[in-house]
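Could you walk me through this model in my viewer, one selection after another? I would like to know what to pick next and what is there.

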Amino acid sequence: MNHHFRGWGEVGDRLRQKAAREAAQDSPWLNQGQRDSLLASAERLENNGIILADEVGMGKTRIAVAVINAVAESGGRVAVLIPPGLGSQWDQELRTGGRQVHPVLRNLWSYFEAWAPEASPSPPPWFDRDVVLVSHLFSNWRLEENSTWRWALLQTLYYFWRRRRGGRFPKWHKSEAPLHKRVDAAAQSIVDMVPEDKSHVSFRLLEEMFTTIPEIRTPPDGALYARHKPLREPLERAVGLGLGVFDLVVIDEAHKSRGDDSGLTRLTETMILHAPEARRLALTATPVEMDVSQWMHSLQRIGVDQGRRDAIRPAVQNFAQATRDVRKHWQYSALHRERFAAASRTYREALSPYLLRRDKREDDAVELFADTTRGPYDAYRALSEISIDVVGLPAGWKRAVCAAESLSAAVSLAEDSGQKRLRLTFGNGHGLSSIIDTASRCEVLDKQQIDHEGAHEGVAHLEEPAGEAHRMKRRQRASWWMDIMRSALAEGERVLFRHPAILAAVEEIEKHTRQGEKVLVFGRYTRPMQALVHLLNAREMIRCISGGEGRYWPQSKVRKSLTAEDDELQAVRAALAQLRPGWDIPDVDQALKLQFHGRTRQLKAFRKDLVAKLEDGFSRAVPGSHDRAKTMCEDFIRSVREAAAKEGVRGLFPLVSRALFELIGPEKALSASPQDLAGAFCTFIDVVTDKDEGDLNGDNSLDAEEARSLWSAVLKKMLGAEFRKSQGRFACLMYGQTDWATRRVIQAGFNSPDSSPRVLIAQSVVGREGLNLHQACRVVVLLHPEWNPGVVEQQIGRVDRVGSMWSALLKQAVVSGVQPGELPRILVKPVIFKGTYDEHNWNVLQERWQDLRAQLHGVVIPHEHAAGDREAMAIVDELAQAAPSFSPSGKRTQGRADPGA
């Protein structure tokens, strides 16, 4: 390990120089706000870690990349801890910033590949890499007793350390065969790396473990490595030792996994080894989400010690109380306004050494919107409910709502939590299918879909008189209400396709897609989301084949599968009942067959000149960053010509050509220029492969042999799964079971204005953080609104980002002289089923959202609370000016007491 970190003074100098160089460029990589953040980071990192809490979409990652480069160029080492699914985006940002890195470390197998004896050339061990990307889930190991290689590193390290230190070998080692060649190689390499310096972090760690933990010196036993067993934490430290000692730890989405025993906490506190003067940089738009006490966790995550956290705590609590008080008395009590201003100053002084935050007031597009409208800056987001009123529902649904409420009251939580929870999930469709499936239980919340906010759902346990007779009567009441509900919803699996919330969401989504918009939908529960996807696709299919518009639907017949995940047949029947009552499935199949043959001819025409156009496109000016795609294209063309000469056009050609056809968009594909096709091919390669995938010799490029291997080993299988689907992609579902390659394909299509999908329905825990979905969408529908306002901010942040479609539309509208009231906005539309628990959930969320906006956004009193009242508006602006600001540039948008001035 030949790294010699030259200190935070040099890092600060490099950051200041970087900011100056960027400022002197005509088209800088970092904008003014990001450069201000670099200067503030240079000052703070000399003393402590930083929470970089810029609002979603403001470009935190680029600031982090600049800091990473400065540390690496100063001889330091950096660990970047990232959530699952964001590896390609981090890789892209790092490469754009001039730094190439190895793939994200996700599991133990990948860890030991750094010591693979058969690899040629040998990869560098982890501790010799200056920047290491590690998944948040890396430490979530399953260490079965018979999978010896997974847990053998610790005691193999002990063997080699004893040999180096001249001690006696452990008695058990002679009788043990080599546990695994890679484990032995890793242990030997790690021991050789540790310097002969008793004060060094790695030396002290090994000596402490091997002298204070007696189980290490006993014969290997896999049971000792299970969670919470004696050797689990020492193994984590041993694996961390192989990663090396770090000078900077960057924690992306640092608000995640706050628990003391979470994988991310174990990474930061146990596995990642810190140099004596190491710093942490936490990236999160929501350092506090549900409660101000979460500030203490965010500070702990960047290494602030307990004493300093205890000193900060009163300022945080006093500000929270002052905010609550002033929201009650803001219009009539000058005393409460003065107390708020004083608490705000103390709060800012306490947190400013650690916290940097730019909000949307510093975004160029938002500033343009506020200047043009002469109104509050946050009005660029328009929130409007998709409301379902029980009063207007058919009689059957009214009875079902009544039965759900009554069932919840009739059942003891201890007896049947599923029935009790039905009241909480009826309005969003979760559990309705289980009403049909079973006689007495609704679907229990899926642990893969819900995180901790379910604990806040407020299920009250009512004390009931004891006794078997009373319990019997209660069960009879519950059975009676279940019978009422089943009779009211008697259409089996088709019930979800008639659910009022799903139908209301469909109507709103289609209103926007008819106007050429794309729509991003967030939900939590799988079955309702699947129903929404199938119904949207079925309705779009019926319109395409029966509307006389000549629009193509890429499907030859209706699939007849009846599985829960693939109930297309039921969805088509529901869509026919809604849009085309006179038709049946055979009519749909006939129409699909006719139009499918027509589009097949279009695809054939597209393929006719594809190879020649690709050659022409890549023969012209193609940026050097696309050399990889060019090599892949050359091998693709070679394989096409070889296949054509031998046995006709087969192999990759149909798959790749269809992929390009969809990425460009069927309407533009036939007229696409050679440059357009080359660009689409580059996008395609970026989407379906990691940046260094297939690079077998480690020279950061692909040769012809590597390209051929990559086509055959990876892409053909992926393309067969993704682009052979004979079904429409108007709406797509991205949830826990969607593999990474498919997610990237969906993301690329959704970000392209002319390609599919037009509607992306994303499960909250999968799509709410990190993903860029802003290039062709400005409409967000919240199918299942969350309890946590931080989650909602992250969801909206998928489309509210720097360089978004909305910002481009805004600039066009301003140049065209569009009236302020008609300017485009980012549209946020929660689906609220009034008269159910949905409505209470939404009210609680809005209260918490106001707390969050006061804590982080400087919005103490929303401007609409003072609309039309000049004096009240002046007070609102006064409070906005008093709100704490952690902007590195010191910018604060002035209030507009007179919106018409």
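Start by selecting Trp295 in this predicted model, and show everything in contact with Trp295. Leaving aside residues up to four places away in sequence, Trp295 touches Ile51, Pro287, Val288, Val316, Tyr347, Leu351 and Leu355, and also Gln855 and Leu856.

Now widen the view to the nonpolar core. The largest one has 129 residues, and Trp295 is among the four that touch the most other members, together with Tyr111, Phe138 and Leu153. Next, colour helix H7, residues 153-165: this helix gives the most to that core, contributing 7 residues. For another core, lying apart from this one, select Ile509, Met529, Ala531 and Leu532, which are among its 52 residues.

Cysteines come next. How many disulfides are there? The count comes to 0. Pick Cys682 and draw a distance to the sulfur of Cys633: this is the nearest cysteine sulfur, and it is 8.2 Å away, so Cys682 is in no disulfide under the 2.5 Å cut-off. Switch on a surface and Cys682 turns out to be buried, with a relative accessible area of 4%. Cys732 is buried as well, at 9%.

For the last stop, go to helix H34, residues 837-856, and select Arg848. Which side chain of opposite charge is nearest to Arg848? That is Glu847, 7.0 Å away; Arg848 is buried yet has no salt bridge. To see a partner for the Arg848 side chain, show the backbone oxygen of Trp787, which the side chain reaches at 3.1 Å.

Methods
Residues are numbered from 1 along each chain as its sequence is written. This is a predicted model: local features need pLDDT of at least 70, side-chain atom pairs count only at pLDDT 80 or more; totals for chains, interfaces and linings use all residues. Side-chain values use heavy atoms; hydrogens and water are left out. A nonpolar core is a set of buried Ala, Val, Leu, Ile, Met, Phe, Trp, Tyr and Cys residues joined through side-chain atoms within 4.5 Å. Buried means under 20% relative accessible area, exposed over 50%, partly exposed in between (1.4 Å probe, protein chains only). Helices (H or I, at least four residues) and strands (E, at least two) are DSSP runs, numbered from the N terminus. Contact means heavy atoms within 4.5 Å. Lys and Arg count as positive and Asp and Glu as negative; His and the chain ends are not counted. A salt bridge is a side-chain nitrogen of Lys or Arg within 4 Å of a carboxyl oxygen of Asp or Glu. A polar contact is a pair of N or O atoms within 3.5 Å; within protein, one must be able to donate a hydrogen and the other to accept it, and residues adjacent in sequence count only if both atoms are side-chain atoms.
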